[in-house]
Amino acid sequence: MDKFTTLTGIAAPLPLINIDTDMIIPKQFLKTIQRSGLGKNLFDEMRFNEDGSENPDFVLNQPAYRETEILVAGDNFGCGSSREHAPWAIKDFGIKCVIAPSFADIFYNNCFKNGILPIALPQDVVDMLMKDAEKGANARMTVDLESQTITTSDGEVVTFEVDSFRKHCLLEGLDDIGLSLEKAASIDAFETQATTSRPWV
């Protein structure tokens, strides 16, 4: 997993509440167990018309937001089913940070496990960031995980909270497998001792 330290990128406004995981990645795209390739179907039913053409009104199809790395969204983001494909699709599209007033618990946890930083902030702060994101290509925000700050395109600084363990994992690029590998020496030592003391096991 890539390390998340400081991110400066275009922020896109998506002022919708209750964006569920089926809206993020519809069920017909869940047949794969690969984490790559799902970005092209992110928000599929909103991004594309029935004939497969792009919906020009959807924010991520607009020229200013095609390279979006930060998403500013409405309340209860990631609700619905617990599909991990949702953060996979977000990450594969290129979005590394989602800001919203609140998140569904399972989606929130899955974000950290996949190198995405979800930031929950009060509604009035999200509203301010949403307005900043509406500036198009000029809406470049900086998210600094170490200092736990967001700097808007106008230089306004907002602070956010994040669990210290999750922060450590993102800063070091550690997913569940990476965390286990950190203990590889201890695991090997335990296995060696167990084999010696209980050879019948």
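Q: Where does Gly115 stand relative to H4, and what phi does Gly115 take?
A: Gly115 comes just after H4 and has a positive phi of about 80°. H4 covers residues 105-113. Helices here are DSSP runs of H or I with at least four residues, strands are runs of E with at least two, and both are numbered from the N terminus. The model is predicted, so local features need pLDDT of at least 70 and side-chain atom pairs 80 or more, while totals for chains, interfaces and linings use all residues. Residues are numbered from 1 along each chain as its sequence is written, and side-chain values use heavy atoms, without hydrogens or water.

Q: Why is Phe107 called buried?
A: Buried means under 20% relative accessible area, exposed over 50%, partly exposed in between (1.4 Å probe, protein chains only). Phe107 has 3% relative accessibility, so Phe107 counts as buried. Other buried residues of H4 include Tyr108 and Phe112.

Q: What makes Phe77 and Phe103 an edge-to-face pair?
A: Rings of Phe, Tyr and Trp (its six-membered ring) pair if their centres lie within 6.5 Å; planes under 30 degrees apart are stacked, over 60 edge-to-face, the rest tilted. A search of the whole structure finds 6 aromatic pairs. For Phe77 and Phe103, the centres are 6.2 Å apart and the planes stand at 75°, so this pair is edge-to-face. Phe77 lies in the loop between S2 and H3 and Phe103 in the loop between S3 and H4, so the pair ties together parts 26 residues apart in sequence. Phe77 also forms an edge-to-face pair with Phe107, at 5.4 Å centre to centre and 65° between the planes.

Q: Which residues form one aromatic cluster with Phe77?
A: Phe103, Phe107, Tyr108 and Phe112 join Phe77 in that cluster.

Q: How do you know that Thr68 is buried or exposed?
A: Thr68 has a relative accessible area of 1%, so Thr68 is buried. Thr68 sits in the loop between H2 and S2.

Q: What does Thr68 contact beyond its neighbours within four places in sequence?
A: Contact means heavy atoms within 4.5 Å. Among the partners of Thr68 are Ile10, Leu60 and Phe93. The Thr68 side chain also reaches the backbone oxygen of Tyr65 at 2.7 Å.

Q: Why are S4 and S7 called edge strands?
A: The open sheet has 7 strands in the order S4-S3-S2-S1-S5-S6-S7, with mixed pairing. S4 and S7 each have a single partner strand, so one side of each is left without a neighbour in the sheet.

Q: What makes S1 and S5 paired strands?
A: Two strands pair if DSSP finds at least two bridges between them. S1 and S5 have 5 bridges, in the antiparallel sense. Gly9 stands opposite Met141 in S5.

Notes:
A polar contact is a pair of N or O atoms within 3.5 Å; within protein, one must be able to donate a hydrogen and the other to accept it, and residues adjacent in sequence count only if both atoms are side-chain atoms.
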